[in-house]
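Ready for a few exercises? Take a look at the model below, then try each task before you read its solution.

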Amino acid sequence: MSMPRQNVAPKLPTLPRGDQIAAYSTYLEAQKAVEALSAAGFPVQHVTIVGTDLKMVERVTGRLTYSRVAAAGVASGAWFGLFVGLLLSLFGGTGTALPLFVAIGIGAGFGLLFSVLSYSLTRGKRDFTSASQIVAMSYALLCDSDRAGEAGRILREKNLQGTAAVLQQPVGYSAPVQAGTPAPYVAPGQPAATPPSGPPAGPTPPAPTGEPKYGVRVVDGKPQYPTQPPTP
């Protein structure tokens with residue numbers, strides 16, 4: 001009995017491969033599509049979610065003041081003191097709650113001291129609080145080539161194809177390039193440039209008879225052709 005294939009992350013950084021079956025603007029939509037595939041009995045170990053055009057977003061949550069720093073320091077110190085006090089109460093054998101309250105008070109005091117001291121050393125260089133996260137502009141849903149048709153059919157039935165359900169070429173595919181010829185750069189989302197058709201634009205080459213490039217000189221209504229030097 002063969003074991004099912006597992007989508008194991010490689011040890012070295014490598015690009016994902018497969019056919020793009022859908023694309024979504026948010027990770028929640030991509031997650032919902034994978035959940036729909038799983039609910040339909042599709043082996044989701046063949047599916048990969050790829051975020052493209054990553055951006056680091058830092059959202060400022062508020063202004064940092066001494067009062068907020070002190071309150072946060074007291075709270076964190078009190079929690080640590082509570083943990084130490086519980087240990088002393090359980091293993092100290094005193095049978096009273098006095099060590100618990102003492103530990104909470106000492107922890108709150110040290111937390112207040114350390115937080116205010118560390119904030120004062122910054123000298124107002126970063127007096128705000130924020131939360132950072134990595135956000136992708138779009139999330140592509142890839143599937144192995146041999147199961148991509150089935151996965152796409154399930155998403156179409158559930159109307160979860162997203163914004164771009166079909167890709168012209170599989171992800172990771174690159175057209176062969178002749179040696180010595182640099183590959184043209186194509187920006188993401190832009191069509192590849194096609195070579196112009198027809199003869200190349202430029203000045204008209206001179207006629208084989210030695211006539212001028214842009215016409216024949218006319219004097220008194222008669223064309224003047226350059227004379228060939230006599231052959232010795």
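**Exercise 1.** Which residue's side chain does the side chain of His46 join in a polar contact?

Before the solution, some ground rules: this is a predicted model, where local features need pLDDT of at least 70, side-chain atom pairs count only at pLDDT 80 or more, and totals for chains, interfaces and linings use all residues. Residues are numbered from 1 along each chain as its sequence is written, and side-chain values use heavy atoms, with hydrogens and water left out.

*Solution.*
- Step one: find His46 in the loop between helix H1 (27-39) and strand E2 (47-63). Helices (H or I, at least four residues) and strands (E, at least two) are DSSP runs, numbered from the N terminus.
- Step two: check its cover. His46 has a relative accessible area of 10%, so it is buried. Buried means under 20% relative accessible area, exposed over 50%, and partly exposed in between (1.4 Å probe, protein chains only).
- Step three: follow the side chain. The partner is Asp144, with a polar contact of 2.9 Å between the two side chains. A polar contact is a pair of N or O atoms within 3.5 Å; within protein, one must be able to donate a hydrogen and the other to accept it, and residues adjacent in sequence count only if both atoms are side-chain atoms.

**Exercise 2.** Describe the surroundings of Tyr24, a residue of strand E1 (residues 19-24).

*Solution.*
- Step one: Tyr24 has 4% relative accessibility, so it counts as buried.
- Step two: look for contacts (heavy atoms within 4.5 Å). Beyond its neighbours within four places in sequence, Tyr24 touches residues including Ala30, Ala33, Tyr139, Leu141 and Leu155.
- Step three: compare sequence and space. Leu141 is 117 residues from Tyr24 in sequence, yet their C-alpha atoms are 8.1 Å apart.
- Step four: trace the side chain of Tyr24, which reaches the backbone oxygen of Leu160 at 2.3 Å.

**Exercise 3.** Find which residues have the most contacts inside the largest nonpolar core.

*Solution.*
- Step one: get the term straight. A nonpolar core is a set of buried Ala, Val, Leu, Ile, Met, Phe, Trp, Tyr and Cys residues joined through side-chain atoms within 4.5 Å.
- Step two: the largest such core has 19 residues, and those with the most contacts inside it are Tyr24, Leu37, Leu141 and Leu155.
- Step three: see who contributes. E1, H1, strand E3 (128-143) and H4 each supply at least two residues, with the largest share, five residues, coming from H1.

**Exercise 4.** How does the reach of helix H3 (residues 98-122) compare with the expected span?

*Solution.*
- Step one: the expected span is 1.5 Å times one less than the number of residues.
- Step two: H3 has 25 residues, and 36 Å is expected.
- Step three: from first C-alpha to last, H3 reaches 37 Å, close to that value.
- Step four: go one past the end, to Arg123, whose phi is positive, near 55 degrees.

**Exercise 5.** Asp53 and Asn159 are worth a look for their backbone angles; work out where each one sits.

*Solution.*
- Step one: most residues other than glycine have a negative phi.
- Step two: Asp53 has a positive phi, near 55 degrees. Asp53 sits in strand E2 and, at 47% relative accessibility, counts as partly exposed.
- Step three: Asn159 also has a positive phi, near 55 degrees. Asn159 lies in the loop between helix H4 (148-157) and strand E4 (217-219), and at 66% relative accessibility it counts as exposed.
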